Amino acid sequence: MAKHNIAVLAGDGIGPEVMAEAIRVLDTVANKFNHQFTYTHALAGGAAYDEYQDHLPQATIDICKNNDAILFGSVGGPVHLQHEAKWANCEAKSILALRKAFNFNINLRKMTIFPEIASLSPLKPELLKNGLDIVIFRELLGDVYFGEHTLSEKDGKRYAFDSGAYDEDQVKSIVQYAFNVAKTRGKKIVSVDKANVMAMSKLWRQVANEVAKEHPEIEYSDMLVDNCAMQIIKNPAQFDVIVTSNLFGDILSDELSVLSGSLGMMPSASFSNSGFALYEPAGGSAPDIAGKNIANPIAQILSAAMMLAYSFNLHQEASAINNAVKAAIVAGYRTGDLASGQAGEKIVGTKEFTDQVICNI
Ligand code: IPM
Ligand code: MG
């Protein structure tokens, strides 16, 4: 029997709803495999602002420190309310601050195509006939994300300035991590940069090539980000592991996530070099559909499965969740975002979809 303590930061929008479902799934696993999972809830984002006038209160950081892993939901408010203090820069002040506070420099996002819902993909069916399984590693603490950002006036004109930076250790750390994972997969890795323009990318490419030399068994190539964005929709099957910098990873991971048919499908894990980790769906807080029992809980449930595998070494239990989600899809259960109009589809709510996942564990 394993005992694990989990900090649960459900956040805003659909976060609390899909989190409740992920916890029901975890409880089912705990029961079946005889483990004990303890949850300590803490506030983040707009939810924390309501209580503390702070998007990431110290109380939340302390709870994260005292647990074995963080299960995160989503943060952020409606577009038309971004001027309110509760929602202004909510994401930067909560999830970005949390990444920084715990040195989560490595982000892994996984895209899988389920053949049963491949028709929802914006790509042509012939590009997907052998399925797709792509992992993207995104550096999470460098680049323009943690540089200087000013919006001011210069020479009588409005003026904007952003800066970004990488040092070689930051690049080496994530590229090495990605190579280690590539060894356990298709032994193929593409490093993405904009080395024809940016200094950060020139350094990235140098360091990535140095790391690649230490792994001759892995097929390695460099790709420019504009080309990569195009190759992902032209021939996604060429990719197995992608490794890239913070901003390019943000953009390319959204592009990859929607190839599966819905933004609600992609789980992610963020690690520090010490191994401590945070797990969160790659999609957003979707305030427009919050509270209606229609959100897709899959990315949150698969993020919980990643936590079991990577933080708790419970691989059989993680597979039980992954297989149960797959079985619910194979049996025709779909949340609204996954409806394609095919015969045999059963459109269900967030809770009812999870009930099916739970039945299959
Ligand atoms: C993500 C999100 C965040 C990011 C936002 C909410 C700041 O888009 O996790 O991909 O840009 O990193
Ligand atoms: Mg993003």
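These exercises walk through a predicted model, each with a worked solution.

**Exercise 1. The buried side of α11**

Find which residues of helix α11 are buried, and where they sit around the axis.

*Solution.*
Step 1. Locate the helix: α11 runs over residues 350-359.
Step 2. Pick out the buried residues: T350, F353, T354 and V357.
Step 3. Check their directions. They cover an arc of only 95 degrees around the axis, so they lie on the same side of α11.
Step 4. Recall the helix rule. An α-helix has 3.6 residues a turn, so residues three or four places apart point the same way.
Step 5. Look for the cover. The elements over the buried residues of α11 include α1 (15-33), α9 (298-310), α10 (315-330) and β13 (333-334).

**Exercise 2. Length and sides of α4**

Compare the expected span of helix α4 with the distance between its end C-alpha atoms, then locate its buried residues.

*Solution.*
Step 1. Helix α4 covers residues 90-101, twelve residues in all.
Step 2. The expected span is 1.5 Å times one less than the number of residues. For α4 this gives 16 Å.
Step 3. The end C-alpha atoms of α4 are 16 Å apart, which agrees.
Step 4. Buried in α4 are C90, S94, I95, L96, L98 and R99. They span an arc of only 160 degrees around the axis, which places them on the same side of α4.
Step 5. Move past the helix. N103 follows α4 and has a positive phi, near 55 degrees.

**Exercise 3. R99 and its annotation**

Is R99 buried or exposed, and what does it touch?

*Solution.*
Step 1. Place the residue: R99 lies in helix α4.
Step 2. Apply the cut-off. Buried means under 20% relative accessible area. R99 has 6%, so R99 is buried.
Step 3. List the contacts. Setting aside residues up to four places away in sequence, R99 touches F104, R109, R138, L140, L141 and E280.
Step 4. Turn to the record. An unreviewed UniProt entry lists R99, R109, R138 and D226 under "binding site". These residues are spread over 128 residues of sequence and are also spread in space, up to 26.8 Å between C-alpha atoms.
Step 5. Match the record to a pocket. Of these residues, R99, R109 and R138 are included in the lining of the second largest pocket.

**Exercise 4. Three annotated aspartates**

How accessible are D226, D250 and D254, which UniProt annotates as "binding site" in an unreviewed entry?

*Solution.*
Step 1. Of these residues, the lining of the second largest pocket includes D250 and D254.
Step 2. Assign helices. D226 is in α7 (residues 225-234). D250 is in α8 (residues 246-259), and D254 lies in α8 too.
Step 3. Read the accessibilities. D226 is at 45% and counts as partly exposed. D250, at 25%, is partly exposed. D254, at 39%, is partly exposed.
Step 4. Add contacts. Beyond its neighbours within four places in sequence, D250 is in contact with R138 and Y145.

**Exercise 5. The largest pocket**

How many residues line the largest pocket, and which element supplies the largest share?

*Solution.*
Step 1. The volume of the largest pocket is about 600 Å³.
Step 2. Its lining has 27 residues. Nearest the centre of the pocket lie K110, T112, L302, M306 and N322.
Step 3. β4 (106-112), α9 and α10 each supply at least two lining residues.
Step 4. The largest share, six residues, comes from α10.

Note on methods
Residues are numbered from 1 along each chain as its sequence is written. Chains are lettered from A and ligands numbered from 1 in the order in which they are written. This is a predicted model: local features need pLDDT of at least 70, side-chain atom pairs count only at pLDDT 80 or more; totals for chains, interfaces and linings use all residues. Side-chain values use heavy atoms; hydrogens and water are left out. Buried means under 20% relative accessible area, exposed over 50%, partly exposed in between (1.4 Å probe, protein chains only). Helices (H or I, at least four residues) and strands (E, at least two) are DSSP runs, numbered from the N terminus. The arc is that of the directions from the helix axis to the C-beta atoms. Contact means heavy atoms within 4.5 Å. On a 1 Å grid over the protein atoms alone, a cavity is a set of points where a 1.4 Å probe fits but cannot get out, and a pocket is an open set with protein on both sides within 12 Å along at least five of seven lines; lining residues have an atom within 4 Å of a point. Grid points are joined across faces, edges and corners, and a volume is the space filled by probe spheres set on the points. UniProt positions are given in the numbering used here, feature names are shortened, and annotations may be inferred rather than shown by experiment.
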